[in-house]
Structures are given as C-alpha cells and as structure tokens.
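User: I'd like to see the reasoning behind some of the labels used for this model. Could you take me through it?

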Amino acid sequence: MTDDSQQAQRNLVDNGNNVKQCWICFATEDDDSAAQWIQPCNCKGTTKWVHQGCLQQWVDEKQKSGRDVKVACPQCKTEYIIFFPNTHKLVMFLDKVDAFVYKSCPFFAAGIMVGSLYWTAVTYGAITVMQVVGQAHAVEVMERFEPAVLLTGLPCIPVFLITFKMVQWEDSLLEFLRKAGPRLPVLRHFLPAPVTNESGTNSEAVITEEMSCTRVFTGALLLPTIATITGDILYKNTVRSAVQRTFLGGLTFIIVRGIIKMYHKQQVYKRIRRRRILDYSPQSEDQVYERRIEHIIL
C-alpha cells in the first residue's frame, strides 16, 4: 500500500469520527444545523455525540423517581456531570427540606404502622380481659396495676395467642400415636397406625396443611370468644368462676378440634398412601375427567 493510499484511509477515518450523529434521535448535523452538540462521556466515534436537548429529555426519564438519581452512559457507563446554576438560598433551603421529608417519610410511616399495631394489641388485650372476667371485675383488676405493667402485659395476649396457634401439636401427637398404637393391644383398634402400600413399605410422614397467615391470625384472635361461649354452654351450671369456665371451654374446644383434625389427617393419609397410578386408556381418562368435575361441583 502506497503512502498516498494510507493517507487517504486516515483522512476517511478522521472524517468518519468527526461526523456528528445523535445516538438518541439519530439526526446528523445536516438535519439540524442549529442544534447544540455535546460529548458527555468516554465513547468514541459517532456515538460520542449527542444533542443537548435529547440528552436532557433522556436524563429526565431516568430521574423520574428523584432528582438525586445518578445517570450514566448506557454504553461506557460514564456518569454524566450535571451542572445546576446557582439559585436563591431560600430555594436551596426548600430543596433540603423536601429531600429530608422524602427520606424520612418511610421511617415515619413504619413508626405509625408499628404504633397502630401496638395500640390495637393493647385494645384487644383489654377487651379480652373484660370478656373473660367481666367488665366490672376487669376494670377493678386493671386499676390495681401500674400503667406500665398494663401497657406491657396487654399486648402480650394477642402475641401469645398467635404464637400458640402456630404450634401444630396435632402432627406430633398423631405421629406418636401411629408409632405407639400397634404396641398397645388394648388401643390397637383405636389408635391410627402406619399404612402399608403395595410394595410393603410404609411412611411415617404426617400430612400437614399449609400454614395460612389469615387463618392463623383469625383463629388465634377468635379463641377467647370461642372459649367463653363454650365455657358458658358446658360449664355454666357446674363452675362459678368465669375465668375457670373460659379456661375449661378453651381447653375443651382445643382438644375436640385437635381430635377432629387428627382424624381428618389420618383419613387423608390413608387415601394418599393407597393411591395407584392407572394404565392409560380412553375410558380411564374419561373417569378421571368425571371425578374432577364432581370434585369441583362438590
């Protein structure tokens, strides 16, 4: 290659690098000779040029969530240097106040939510005490304690109820009964035992239900009411103390409910352990479809 051809190639490359084309709107100098061009990043070639107005609009899109968001070139990742002209001190003060409010609002909102939950728990605890022992007696009892003790103890009532509700004691008891049932001749026919499948193996796994937050929350907070109603129905004529009636009513409800849940889980366990995979046939497919429709209707 001669010296003249090499020089011509260099001139062609230089001319290509000097061509200004906006990487946002793809316009060149010939399209708009009055537009203002800038080189805001470390990109080379034609991509280093961009219209001032196009880049301003692009930065506005990136800073929709806040004016303090840093914006960088999507190609070379160079952060753009954004210059703001001087403004009045009052405007600067208002900007700082607005930024402080924007950053502190999440903390204030969290504090309000926590405070609301706390006072809701205090109110629920006080209502529960009145429901169990009676309004007059509850007011008399609560007046004996210091306010700090009440503000600490009353919120613990719903916390204790929800924590107790999350303990699935039926699963542990059901697993124990499955293991101990065959060893006790007297109770062998009453206690659930592991189910053996066709291969001769058995499983000790307990069928557990998925824990629902709404179900746990509702069941826990309704327990004092259910215990009070159950105690009044079953033990009103035999037990004089309202607290004892509520305790016995709650204990009775928990035991009966636990027995029903264990029975249901055992039946579901048996059904799952005795399931079989059928050979495919058009008739079997129709039967499965009919069973699904029947299950949906029921």
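Analyst: Happy to; the model is predicted, and we can go label by label.

User: Why is Asp171 with Lys265 called a salt bridge?

Analyst: The closest N and O atoms of Asp171 and Lys265 are 2.5 Å apart. The cut-off is within 4 Å, so the pair qualifies. Asp171 lies in helix H7 (residues 169–180) and Lys265 in helix H9 (residues 242–273), so the salt bridge ties together parts that are 94 residues apart in sequence.

User: Are Asp171 and Lys265 buried or exposed, and how do you know?

Analyst: Buried means under 20% relative accessible area. Asp171 has 9%, so it is buried; Lys265 has 5%, so Lys265 is buried too.

User: What makes Asp232 and Arg245 a salt bridge?

Analyst: Their side chains meet at 3.4 Å, N to O, and that is within 4 Å, so the pair counts. Asp232 sits in helix H8 (residues 213–235) and Arg245 in helix H9, so this pair links parts 13 residues apart in sequence. Asp232 is partly exposed at 34%, whereas Arg245 is buried at 15%.

User: Why is Lys64 called exposed?

Analyst: Its relative accessibility is 64%, and exposed means over 50%, so the label fits. Lys64 also forms a salt bridge with Glu61, with the closest N and O atoms 3.1 Å apart.

User: How do you know that Gln63 has a polar contact with Val69?

Analyst: A polar atom of the Gln63 side chain lies 2.9 Å from the backbone oxygen of Val69. The limit is within 3.5 Å, so this distance meets it. Gln63 itself counts as buried, at 16% relative accessibility.

How values were computed: Residues are numbered from 1 along each chain as its sequence is written. This is a predicted model: local features need pLDDT of at least 70, side-chain atom pairs count only at pLDDT 80 or more; totals for chains, interfaces and linings use all residues. Side-chain values use heavy atoms; hydrogens and water are left out. Buried means under 20% relative accessible area, exposed over 50%, partly exposed in between (1.4 Å probe, protein chains only). A polar contact is a pair of N or O atoms within 3.5 Å; within protein, one must be able to donate a hydrogen and the other to accept it, and residues adjacent in sequence count only if both atoms are side-chain atoms. Helices (H or I, at least four residues) and strands (E, at least two) are DSSP runs, numbered from the N terminus.
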